[in-house]
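Okay, thanks everyone for coming. I've got one structure to walk you through today, so let me put it up on the screen.

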Amino acid sequence: MTSPDGPRPRAGWAPFLLEGRRVVLRYAIDAERAPHGESMTDALGTIVGSDESAVQVMTRRGQVRVPRALVIAAKEVPPPPVRRRGPAAP
């Protein structure tokens, strides 16, 4: 059954989408924000907030609000790799 307000989040879907978790979300984007025909994008980062309608992810480029109804796939990912320093300059 569809709500008159639009699609509802799927019950029990992606229960790991909790604040503090590092995730990658693949989600649909609208045509206005994708002038060259792209229809999906990813958000990789740490969840800083979520509610029934959206998940906020802090990425390297800043905070992104992803509507749950647009999420195609979600996956918890490990912490970013530690960058190693190169050899000391003489």
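I'll go through the sheet, then the core, then the pocket, and finish with one loop residue. One thing up front: this is a predicted model.

So, the sheet. What order do the strands come in? It's an open sheet of five strands, and reading across you get S4-S3-S2-S1-S5, with antiparallel pairing. The two at the edges are S4, residues 62-67, and S5, residues 71-76. Each of those has a single partner strand, so one side of each is left without a neighbour in the sheet. And the sheet is twisted: going from one strand to the next, the twist averages 40 degrees.

Let's look at one pair in there. Strand S1 covers residues 22-28 and strand S2 covers 40-50; they run antiparallel, and seven bridges join them. If you want a spot to click on, take Val 23, whose bridge partner in S2 is Gly 45.

Keep Val 23 in mind, because we meet that residue again in the largest nonpolar core, which has 12 residues. Besides Val 23, its members include Leu 25, Tyr 27, Ala 43, Ile 47, Val 55 and Val 57. Ala 14 and Leu 17 are in there as well, and so are Ile 29, Val 66 and Val 71. Which elements give two or more residues to this core? Those are S1, S2 and S3. S1 gives the most, with three residues.

Now the other partner from that bridge, Gly 45. Gly 45 turns up in the lining of the largest pocket, next to names like Leu 44 and Thr 46 on the list. The space in that pocket comes to about 260 Å³. Also lining the pocket are Met 58 and Thr 59, along with Pro 80 and several arginines: Arg 22, Arg 60, Arg 61 and Arg 83. By class, that's four charged residues, three polar and three nonpolar. Two elements, S2 and strand S3 (54-59), give two or more residues to the lining. The largest share, three residues, comes from S2.

Last stop, the loop between S1 and S2, where you'll find Asp 30. How exposed is Asp 30? Its relative accessibility is 35%, so Asp 30 counts as partly exposed, given that the partly exposed class lies between 20% and 50%. From Asp 30 to Met 40 is 10 residues along the chain, and their C-alpha atoms are separated by 8.6 Å.

That's my tour, happy to take questions.

Notes:
Residues numbered from 1 in each chain as written. Predicted model: local features only at pLDDT ≥ 70, side-chain atom pairs only at ≥ 80, totals over all residues. Heavy atoms only, no water. Pairing = 2+ DSSP bridges. Helix = DSSP H or I, 4+ residues; strand = E, 2+ residues; numbered from the N terminus. Axes fitted to C-alpha atoms, helices over the stretch in contact; angles between N-to-C directions. 1 Å grid on protein atoms, 1.4 Å probe; cavity = no way out; pocket = protein on both sides within 12 Å on 5 of 7 lines; lining within 4 Å. Points joined across faces, edges and corners; volume = space filled by probe spheres on them. Nonpolar A, V, L, I, M, F, W, Y, C, P; charged D, E, K, R; others polar. Buried < 20%, exposed > 50% of the residue type's maximum accessible area, 1.4 Å probe, protein only. Core = buried A, V, L, I, M, F, W, Y, C linked by side-chain atoms within 4.5 Å.
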